[in-house]
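Please open the structure in a viewer and keep the selection tool at hand. The tour proceeds from one selection to the next and describes what is found at each stop.

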Amino acid sequence: SVAFAPSGYYFASAGGDATARLWTTDRPTPVRLFAGHTSDCVHSVDFHPNINYIVTGSEDKTVRLWDIQTGRCVRLLNGCSAGIYQVKVDPSGQYAVGADAMG
């Protein structure tokens, strides 16, 4: 999946190599790599409304919150019984949700 930041300058992509990447619209290479998922497939990515964080969902059954300045995972959400295929952050930034194949 791919998601644009609310400002439109940054975008993030989920990858099949256990990572997500942060890009800018004026550079052909990623500006940040987010590594830490334990399964090859990161299915989904979304931006926090303040643009300081991205959220990823992976086949490793976790949702992770990443700091875009440092590239570090700052929150790990687990407990799902299957891989996470979709993640979303609510407009207030207070909640992040993930859905597996069962919804």
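Begin by selecting Thr56, which touches Ala20, His37, Val42, Ser44, Val45, Thr62, Val63, Arg64, Trp66 and Val87, leaving aside residues up to four places away in sequence; contact here means heavy atoms within 4.5 Å. Before continuing, please note that this is a predicted model, in which local features need pLDDT of at least 70 and side-chain atom pairs count only at pLDDT 80 or more, while totals for chains, interfaces and linings use all residues. Residues are numbered from 1 along each chain as its sequence is written, and side-chain values use heavy atoms, with hydrogens and water left out.

**Thr56 and its surroundings**

Thr56 lies in strand 6 (residues 53-58); helices (H or I, at least four residues) and strands (E, at least two) are DSSP runs, numbered from the N terminus. With a relative accessible area of 0%, Thr56 is buried (buried means under 20% relative accessible area, exposed over 50%, and partly exposed in between, with a 1.4 Å probe and protein chains only). Display the side chains of Thr56 and Trp66: a polar contact of 2.8 Å joins them. Such a contact is a pair of N or O atoms within 3.5 Å; within protein, one must be able to donate a hydrogen and the other to accept it, and residues adjacent in sequence count only if both atoms are side-chain atoms.

**The aromatic pairs**

How many aromatic pairs does a search of the whole structure find? The search finds four. Rings of Phe, Tyr and Trp (its six-membered ring) pair if their centres lie within 6.5 Å; planes under 30 degrees apart count as stacked, over 60 as edge-to-face and the rest as tilted. Select Phe11 and Trp23, whose ring centres are 6.1 Å apart and whose planes meet at 5°, so this pair is stacked. The pair links distant parts of the chain, as Phe11 is in strand 2 (residues 10-14) and Trp23 is in strand 3 (residues 19-24), 12 residues apart.

Next, add Phe34 to Trp66; their aromatic pair is tilted, with 5.7 Å centre to centre and 55° between the planes. Phe34 belongs to strand 4 (residues 32-35) and Trp66 to strand 7 (residues 63-67), 32 residues apart. Both Phe34 and Trp66 are buried.

Return to Phe11 and Trp23 and add Phe4: Phe4, Phe11 and Trp23 form one aromatic cluster.

**The open sheet**

Switch to a cartoon view. Four strands form an open sheet in the order 1-2-3-4, with antiparallel pairing; two strands pair if DSSP finds at least two bridges between them. Strand 1 (2-4) and strand 4 are the edge strands, each pairing on one side only. Three bridges join strand 1 to strand 2, and the bridge partner of Phe4 in strand 2 is Phe11.

**The salt bridges**

The whole structure yields two salt bridges, each a side-chain nitrogen of Lys or Arg within 4 Å of a carboxyl oxygen of Asp or Glu. Select Arg21 and Asp17, where the closest N and O atoms are 3.1 Å apart. Arg21 counts as partly exposed at 24% relative accessibility, as does Asp17 at 38%. Then select Arg64 and Asp60, where the closest N and O atoms are 3.7 Å apart; Arg64 and Asp60 are both buried.

**A final stop**

Finish at Gln69, in the loop between strand 7 and strand 8 (73-77). Gln69 is exposed, with a relative accessible area of 54%.
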